[in-house]
Protein chains: 2
Amino acid sequence: VSGAARFAAVDWGTTRMRVWLIDVAGEALAERRSDEGLLSAREGNRFGAILEAHLAAMGAPAGLPVFSCGMVGARQGWVEAPYVAAPAALDAVLSQAVPVPNHPARPVRIVPGIAQREGGAPDVMRGEETQLAGLRAMLGGDSHLVCMPGTHSKWVSVRDGRVERFATYLTGELFSLLSRQSILAHSLGDAPPDADGGSPSFRDAVRQAGAADWAGLLFSIRAGGLLDGASPADAASRLSGLLIGGEIAAAARRFGGDGVLLVASGAMADLYAAALEAAGLGVRLADADEAVRTGLIETARLNLDAETEPGP
Amino acid sequence: VSGAARFAAVDWGTTRMRVWLIDVAGEALAERRSDEGLLSAREGNRFGAILEAHLAAMGAPAGLPVFSCGMVGARQGWVEAPYVAAPAALDAVLSQAVPVPNHPARPVRIVPGIAQREGGAPDVMRGEETQLAGLRAMLGGDSHLVCMPGTHSKWVSVRDGRVERFATYLTGELFSLLSRQSILAHSLGDAPPDADGGSPSFRDAVRQAGAADWAGLLFSIRAGGLLDGASPADAASRLSGLLIGGEIAAAARRFGGDGVLLVASGAMADLYAAALEAAGLGVRLADADEAVRTGLIETARLNLDAETEPGP
């Protein structure tokens, strides 16, 4: 019956969660967002209670299956969904969603993350694997260099539907620490950085970081203020541009490729699109929120089909 | 008369100051150290009073000239000693030491810093120019690639007694922020980093940072803890090695040269010497404390000689 929920999809991260009711056609019937992320939910192990409260508020029927991804599957989460080793086929990762035991209200499965152990650069992802699977359903095409910006940006090389290798850059965290607490804080004051990458200061800094070592240019923000009286807004845009430009240049060298699939939403999408263009890379944009929801729908499809497959 | 002070030398930085009485042969007769750096002394503009208190305690005679360097000459210091533009001959910089007006107790001169305005990478130094001048007197030789590690490391290309160009790396500050406040803090705990660069973790990280983008390896510290149970001490040494190795690799690319003159003291000297060796660079070590004192003696020589030069 159209309009009836077939399952619930839950993107459950460190600080936030989102819940959707999805019908048989893969359309979202309802959505709820909250701040009850891992950090909040693990206090008193309230994962099950939080989930049920949201589902009840959305009128989800008893026994409706749930598919979830993100930090909810970490060791300190609800149930640990052990990492699958890269290189990893995305279909296989989604099919290994781990059932939550001792939750009588309904079946709940959590998508595992992916771990990279080879190559001297151990790395992990949780949640991004589901977005990557969603991209396949949204865009078609199985091979991309994917940029997923944020507090901890991920760059992922996907080939033929497999996560080959990836790297994490602490770009957002570095911006936050350097802008507020380093010697550069004097130069930035309370000025917000260029939000959408439209300023020349931002774009120049992106290009500079691509041509030289960005870390050796950070102090130029301070010196520029002392010598040329550069404004706080310029300083903030330069810091943002150097960090994002440094991330892009390093990732482009590491992974090759002149085209990038940018998976982001809102202002972050504008900022990184401007930076990728300033760096001379081709950009295709996919919405990050849509990607995770679509990935969870793929998870449901793979796991529900397996469960209801007719016998021979 | 041997044993009589000819002048006083003062290294006056952001958080610390040191005073020496120097005799006619350039030997230090007495030394005092204190925490009355710029940040403390500028409260109520106590520079003159602090200096006189130390000189009185050391028994300095009335009218003894003083030569000083460091942040005491910054805009927010005692008297601004405006930057000399790079490329800058070190002798000329020292000769331009600025007299402090309105200090009747004795003549005081402050060595100016050096500013780099060209090349799209504005940068400044204050205090390092005096150390660089000291190196010439200590070592002979007028051309070096100099590494001066610290909270804000400086790399300086000196040719024929001139500061050609230089760069500042926020390595020490990045270590402090990332080790205590980033997601990596979970992996480091309270473990101190390798103090002298003797551990394999530190040296491996230095070499890794030379071969790849170090910023893309920071998260491997976290992932290494999750996947392999790497110890907090290993994590701290890896963070230190990645940051110092990244600084060395970037500076070596920027300035060229396979030999580095390392100007440092104590544990910092051991740590950077180990890192430079792990990175495959030849290292010659000069003591940083001796360099600044010797540079101030050079300053006195150049300025006192000029004042007492006989007429034609």
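These legends describe close-up views of the interface between chain A and chain B in a predicted model. Local features need pLDDT of at least 70 and side-chain atom pairs pLDDT 80 or more, while totals for chains, interfaces and linings use all residues. Residues are numbered from 1 along each chain as its sequence is written, chains are lettered from A in the order in which they are written, and side-chain values use heavy atoms, without hydrogens and water.

**View 1. The interface of chain A and chain B.** Contact (heavy atoms within 4.5 Å) links 42 residues of chain A with 42 residues of chain B. The buried area is about 3,400 Å²; this is accessible area (1.4 Å probe) lost on putting the two parts together, summed over both. Carbon and sulfur atoms give 64% of that area. In chain A, A:Leu170, A:Phe219 and A:Leu227 lose the most area to chain B, together 18% of what that side buries.

**View 2. Salt bridges across the interface.** The rule (Lys or Arg side-chain nitrogen within 4 Å of an Asp or Glu carboxyl oxygen) finds two salt bridges between the chains. B:Arg254 and A:Asp213 meet in a salt bridge, at 3.1 Å from N to O.

**View 3. The rotation axis.** A rotation of 180 degrees with 0.0 Å of shift along its axis superposes chain A on chain B, with RMSD 0.0 Å; the fit is by least squares on C-alpha atoms of residues with pLDDT of at least 70 in both copies. That is the relation of a two-fold axis. The same surface serves both copies: 100% of the contact residues of chain A recur in chain B. Of the residues of chain A, A:Leu177 comes closest to the axis, its C-alpha at 3.4 Å.
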